[in-house]
Amino acid sequence: METSTGIDAKQRLSAKLLKAVLMAACVLGISVSCVQIFFDARQFSKGIDSEAWQMLAMIREPSTQAAYKMEPTTGEEILFGLMEHQSVHIAAIKIPNEPELAVIKRDLSKSGYRYFSDYLFEPVRIYRIPLYKKEPVLEHYGELFLAIDTAHHGQEFIQRSLIVMVSGIFRAIAMAFLLYLIYSLILTKPLNRLIRNLYQINPDAPGPHKLSMPNSRQNNELSIWVRTANQLLESIERNLNLRQKAEAQIMRLSQYDYLTRLPNRRTLQKHLQNLINKPGSSDGNIAILCLGLDDFKSLNAHFNFNAAEHELIKIADRLRNHIGNRGFIGKLGEDQFAIILSKITQPYAAAEMAQALLKQLATPITVNDEKITINGTVGITLFPDDGQQVDNLLQQAEFAMIMAKSRSQNRYQFYIASVDTEIRQRKKLERDLHEALKHHELSLVYQPQIDFKTSRMVGAEALLRWKHPEKGLISPEMFIPMAEDNLEIIPIGDWVLESACQQLHEWHKTEFHDLRIAVNLSAIQLRDKNIVDRIKYLLEKYQIPPRLLEIEVTETSIMEDIELSSEQLNNIKATGITLAMDDFGTGYSSLSYLKQFPFDKLKIDKSFVEGLPGNKENTVIVEAIIQLGRSFGIKVIAEGIENREQETHLIKSGCTEGQGYFYSKPLADQEFAEFLRNWKNKSTSSRKRTFPNEPDVDNH
Ligand code: C2E
Ligand code: MG
Ligand code: MG
């Protein structure tokens, strides 16, 4: 039987205790009673003897008289008096050498107790006392004989013993019950109450439940036990809370990005998987947009780390607010977000969202009192058209974004199967590039630069070419970022510098004595501590006047580490060479940088020259750049001039130098020399340009 405490009744401590106490009490009761009976038996035995002796003493005198007088009748009368004692079996007055003077006899008792009493006290006890007369002379008359039947005394003794035994056992049992009750009251009951209390405790939240103190409130073992148990419960609760908090934190960290609090890649994957698994998911497309921030790393370098993080949080908030409940946004990487749009009926809905997000990004954000615009590029994949697997869909969206970025930034692009192949080819190219220098697949071409004032070809920009054994010519716009990614640009850039210097040395030696050469320097090279020494060494080795070597760096490459760039540029400048800022206008184009860095020349990016003079916006930008250069005393060169209108407009606006297909495409060394010779020969007054504003720019 189960009790309220859930313990089998037989197994309960109190039941066991009761059993043990009862058994002990019975054994004890029986033992004590036995001892008492033993002593009683001895007392009874003595009692029988003393009663017999008393009887004999009582009739001794008259019996002596009867023996003396030889009166059997008197003797019998005397003896008859003894018969009132139930225990007398035989009484006789014996005279020596004579038959008994008097005898009385009674049959032995047939009592049922006989069996025990005979064993304890013998069946019959015999007593004799001599009958004699002392005075005047001692004279022996006979003897008094008494046989006692012990059965009567034995019966009495056994009855008494039974009472002693039974009462002894009862007493012991009563004592046992009393003990049991006391034990139950003091220990078992409070223990049971505690057990019932314990049953009510919720193991997952033991804290709020307290074990109730035993009523006595004394400082006994139980109350100490309860207090300690309560303290234990509290500490379990405390630890449980801490564990729960830690688990929640781990859960949050494992599911969300710690900075932006957006779901992380794993959560995104789960969400996408759920959407795909959902019945009816085939009703419409699911679009996965991978949004990568453009040039976030340079922003990181421009501001301190905290400001960049702050910026990222703002961007995440902005995107989240814009998307609302139309989609699910998460963070894929340091500067990448993923947006999942379900039930897209037409892909253009995804394109619209991509465009809207790019627009959202384009709104400037204020960081450290400075207005910053961050652009992004979006890659889009569609379920089920582009794939069925979550991982593939996300990866393809990323690929599409990377590919879009490598073409131009601030745009979106859908994933198409060919993108995958393109990425794979790109990876192979990266491996091939590693071998390109060793296999002499790299070469330089030179694009002439014209001085508008004199119409002389005063310089050349050295441009790198890679002739891939299978794929043919590969654009530097494709392989230079790759080389920058895996630092291959250091040995390649070094080779470019040396080859350009060597070529210039050749030309200086032969016919073009004051030709200048411009070499593009990548951001990675700019950060290289050895670059200044390397330039100095090459100038010396190839005996090049420093002013005839021009180094082109882009604005964005400076931004990657402004302090280091500033230091490096100043050191480069100190060697006396010319510094040009390439692609001016495409980056931050901040005035403060122009002041901070020692540039001799601004190079207007070809994208601004493109629409001149028809494109009003470009016209304004180009004129502004030229004005800026003039006010800072910096020369301005325009690249990408493709026709006379552009040239005329640039000259009219005050630009001092130009470069572009209008004059010549980049040429191999021999062709370039040939081109220069031809140019010189043809250089007549008809070629001389006119300068309406006659800009007066120092030739540093
Ligand atoms: P960049 O330094 O701005 O070079 C000018 C680019 O414009 C060259 O492309 C040139 O061929 C092209 N170009 C010149 N005139 C015209 C024109 O009239 N119209 C058009 N549409 N384009 C014209 P290229 O040679 O493909 O070089 C692309 C970029 O690759 C360069 O831009 C430069 O950033 C990088 N690059 C090239 N060679 C090197 C190098 O040796 N080292 C480094 N770090 N970068 C290099
Ligand atoms: Mg350049
Ligand atoms: Mg350029």
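**Asking how we know: ligand 1 and its magnesium neighbours**

Biologist: What makes the approach of ligand 1 to the side chain of Asp583 a polar contact?

Modeller: In this predicted model, an oxygen atom of ligand 1 is 3.2 Å from an N or O atom in the Asp583 side chain. The cut-off for such a pair is 3.5 Å, so it counts as a polar contact. An oxygen atom of ligand 1 is also 3.2 Å from an N or O atom in the side chain of Glu639, and a nitrogen atom of ligand 1 is 3.0 Å from a polar backbone atom of Leu464.

Biologist: How do you know how much of ligand 1 the protein buries?

Modeller: Ligand 1 on its own exposes 790 Å², and the protein buries 87% of that. Strand E13 (456–468), helix H12 (476–485) and strand E17 each give two or more residues to the shell around ligand 1. E13 provides the largest share, four residues. Of the 22 residues around the ligand, the nearest are Gln447, Asn520, Asp582, Glu642 and Tyr661.

Biologist: Why are Asp582, Asp583 and Glu639 called donors of the magnesium ion (ligand 3)?

Modeller: Their coordinating atoms sit at 2.0 to 2.5 Å from the magnesium ion (ligand 3), with Glu639 listed twice through OE. The cut-off for this metal is 2.8 Å, so these atoms qualify as donors. Along the chain, the donors follow the spacing D-D-x55-E. Asp582 lies in strand E17 (residues 578–584) and Glu639 in strand E19 (residues 635–639), so the pair links parts of the chain 57 residues apart. Asp582 and Glu639 are both buried.

Biologist: What is the distance between the magnesium ion (ligand 3) and the magnesium ion (ligand 2), and which residue coordinates both?

Modeller: The two ions are 4.1 Å apart, and Asp582 coordinates both.

Biologist: Why is Gln646 called buried?

Modeller: Its relative accessibility is 2%, and buried means under 20%, so Gln646 qualifies. Gln646 belongs to helix H21 (residues 644–653). Leaving aside residues up to four places away in sequence, Gln646 touches Val609, Glu610, Leu612, Gly640 and Ile641.

Biologist: How do you know that the length of helix H17 agrees with its number of residues?

Modeller: H17 (residues 562–574) has 13 residues, and at 1.5 Å a residue they should span 18 Å. The end C-alpha atoms are 18 Å apart, so the two values agree. Buried residues of H17 include Ile562, Leu564 and Leu569. After H17 comes Gly576, whose phi is positive, near 100 degrees.

Conventions
Residues are numbered from 1 along each chain as its sequence is written. Chains are lettered from A and ligands numbered from 1 in the order in which they are written. This is a predicted model: local features need pLDDT of at least 70, side-chain atom pairs count only at pLDDT 80 or more; totals for chains, interfaces and linings use all residues. Side-chain values use heavy atoms; hydrogens and water are left out. Donors are N, O and S atoms within 2.8 Å of the metal (3.2 Å for Na, K and Ca); water is not among the atoms, so sites may look incomplete. Buried means under 20% relative accessible area, exposed over 50%, partly exposed in between (1.4 Å probe, protein chains only). The expected span of a helix is 1.5 Å times one less than its number of residues. Contact means heavy atoms within 4.5 Å. A residue is near a molecule or strand if one of its heavy atoms lies within 4 Å of it. A polar contact is a pair of N or O atoms within 3.5 Å; within protein, one must be able to donate a hydrogen and the other to accept it, and residues adjacent in sequence count only if both atoms are side-chain atoms. Accessible areas come from the Shrake-Rupley method with a 1.4 Å probe; for residues, only the protein chains shown count as cover.
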